[in-house]
Number of protein chains: 2
Amino acid sequence: VSAPGTPRRALLTGATGFIGSHLLAHLQAAGWPVAVLARPSAAELLSQMPAIAKVYTYTGATTEVIAAMAEHKPEVVFHLSSHFLAAHDSTQIESLISSNVLFGTQLLEAMKAAGVTALVNAGTSWQNYAGDTYNPVNLYAATKQAFEDIVAYYTQTSGLRAVTLRLYDSYGEGDQRRKLLRLLLECLRTGEPMGMSPGDQVMDLVHVDDICRAFLHAAELALEMPAGASVYAVSSGERRTLKQVVATLEEAAGQKLAIEFGVRAHRPREVMVPWVGPPLPGWVPTISLLDGFKRLIRDRT
Amino acid sequence: VSAPGTPRRALLTGATGFIGSHLLAHLQAAGWPVAVLARPSAAELLSQMPAIAKVYTYTGATTEVIAAMAEHKPEVVFHLSSHFLAAHDSTQIESLISSNVLFGTQLLEAMKAAGVTALVNAGTSWQNYAGDTYNPVNLYAATKQAFEDIVAYYTQTSGLRAVTLRLYDSYGEGDQRRKLLRLLLECLRTGEPMGMSPGDQVMDLVHVDDICRAFLHAAELALEMPAGASVYAVSSGERRTLKQVVATLEEAAGQKLAIEFGVRAHRPREVMVPWVGPPLPGWVPTISLLDGFKRLIRDRT
């Protein structure tokens, strides 16, 4: 067994996503040769990312995944690609299942064929609505759970060692997603008032650099554990209501935000208190919410 | 609430399968108007089945399922279609996921759109290898479990009432599947010797008529229960080793079979003792193994 942090050959899915792109940079900074498996639509974005060992193209076929795995022979697979939808409509069923269940199954089948056994998989705390062992907030979360059932099969039959990290809210520099933090930063910049829900829902915001360190740490765990599947929560340890999050951003900015709380309703199945899951052993977040927000603001100015 | 056995409008998937075709006949005998949702490849077989209310065609699109559900407006959906594989190879991944996860999800989405809330779903005791709560014998069983995770989402969000029947081995008249009983009946007819495993694995063989009665009973439960998912085992109550099964068939036939036990190895992850699951309340099997085998033999001669 190598010492923690030894560079390994990695295969990464979801490399153009927010967390995936940061993880690629973290792995490369640690000296890992990283190949990427991605849809053709990602090619342009990937061409702007430096030093990728190889980009393998996925258009839907199992054979493509098998060929990529056989050629690159990674020691660890990081599976971050997914189709994220807070709410779906009926036109999105096929895409959700093929992105979140089929593609992952093809990846596992290819790992089996190539004798690759270490997987780090991105799950979501939304699999655990109301703190339940399993209760999906939305169909997206249900497809993540469905994939974990497929993982279980390969742990039983091909020596797969899988670590699933269930993520909460993420934030950090370069985040292009239209999520809360981006709206708040816009509000900060323009001074325009913004209507929000009552703001009493508890959030668990984790800086993307801490999340990437969790993924690297999970890779070491996957490499050293016996065949099986482990699930860990990647929590900031700083749970704050939305109102407190806004106050922390105001503190970081030295400026008030024109938020009108209570103007909007909570969305259906809003998570009021996030799940408390088993912590990833040996990993602790290092970036406080206040420091992380200061970095965000510096990055924007 | 209607009395048990009231005819209802039903939509059936898997109507050309062994259990599905028997269930269609049972439902029709009970006066249910049954529509069928099936792939174009099933059209010829379906054309030989009498009195189907309507055959809806499924070529893969969610819109087809939504349109069928909206037009037929069933009170109960029986979801029996699946791609069964005792062992898969890598060319079958896409078919397994699309048949066993995607199609079912489309069905649930269409039920939600049409306000249809009662589902009876076919699962397998192979989801419970070694008696575990979840431990799939094969990838087929893992996809069945994955679908149950999707079911859970709809029970939480659209009032779905789902009963999953986990089935053991089935047998009965008209069985064209190349499974154990057909091989044994061939052996009986030809007198040719047949090599088998040591024969000490325990089997739970249920006659298809008893299984169909379980599906009808499960429909009543689904119609009367609150939103949620229930899982029941459909067991014969007569567990026999393979050797004892052969002896019972010999008794039914009044003739010895030329079986050579111990010539073949058990297959990987052979189920030696089937899972014991929660029994379907209010249902009991009525056909003993000996009587069922006598019917099989009469049917063949």
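**Entry 1: the two chains**

By what turn, and with what shift along the axis, can chain B be laid on chain A? I looked this up before anything else, keeping in mind that the model is predicted. A turn of 180 degrees and a shift of 0.0 Å along the axis do the job, with an RMSD of 0.0 Å. So what I have is the relation of a two-fold axis. Next I asked which C-alpha of chain B is nearest that axis. The answer is the one of B:A146, which is 2.1 Å from the axis. I also checked the contact residues: 100% of those in chain B recur in chain A, so to speak the same surface serving both copies.

**Entry 2: where the chains touch**

I moved on to the interface. On the chain B side I get 34 residues in contact, and they meet 34 residues of chain A. Putting the two together buries about 2,500 Å², and carbon and sulfur atoms give 67% of that area. Which three residues of chain B supply more of its buried area than any other three? They are B:I97, B:D149 and B:Y153, with 21% of what chain B buries against chain A.

Then I went looking for polar links. I found 0 salt bridges across the interface of chain B and chain A, but 6 residue pairs in polar contact. As for the helices, helix 3 (62–72), helix 4 (93–114) and helix 5 (139–157) of chain B each put at least two residues on the side that touches chain A. Helix 5 of chain B gives the largest share of that side, with 12 residues.

**Entry 3: strand 6 and its neighbours**

Last stop, the strands of chain B. Is strand 6 of chain B (residues 161–167) mostly covered or mostly open? Mostly covered: 7 of its 7 residues are buried. I noted which way they point. B:R161, B:V163, B:L165 and B:L167 go one way, while B:A162, B:T164 and B:R166 go the other, and all are buried. That fits what I read about regular strands, where side chains alternate between the two faces of the sheet.

What does strand 6 of chain B pair with? Strand 5 (residues 118–124) of chain B runs parallel to strand 6, joined by 7 bridges. There, B:N121 has B:T164 as its bridge partner. Strand 11 (residues 228–234) of chain B also pairs with strand 6 in the parallel sense, over 7 bridges. In that pairing B:R166 stands opposite B:A233. I checked strand 11 of chain B for cover too: 5 of its 7 residues are buried, which makes the strand mostly covered.

Note on methods:
Residues are numbered from 1 along each chain as its sequence is written. Chains are lettered from A and ligands numbered from 1 in the order in which they are written. This is a predicted model: local features need pLDDT of at least 70, side-chain atom pairs count only at pLDDT 80 or more; totals for chains, interfaces and linings use all residues. Side-chain values use heavy atoms; hydrogens and water are left out. Copies are superposed by least squares on the C-alpha atoms of residues with pLDDT of at least 70 in both. Contact means heavy atoms within 4.5 Å. Buried means under 20% relative accessible area, exposed over 50%, partly exposed in between (1.4 Å probe, protein chains only). Helices (H or I, at least four residues) and strands (E, at least two) are DSSP runs, numbered from the N terminus. Two strands pair if DSSP finds at least two bridges between them. Buried area is the accessible area (1.4 Å probe) that two parts lose on being put together, summed over both. A salt bridge is a side-chain nitrogen of Lys or Arg within 4 Å of a carboxyl oxygen of Asp or Glu. A polar contact is a pair of N or O atoms within 3.5 Å; within protein, one must be able to donate a hydrogen and the other to accept it, and residues adjacent in sequence count only if both atoms are side-chain atoms.
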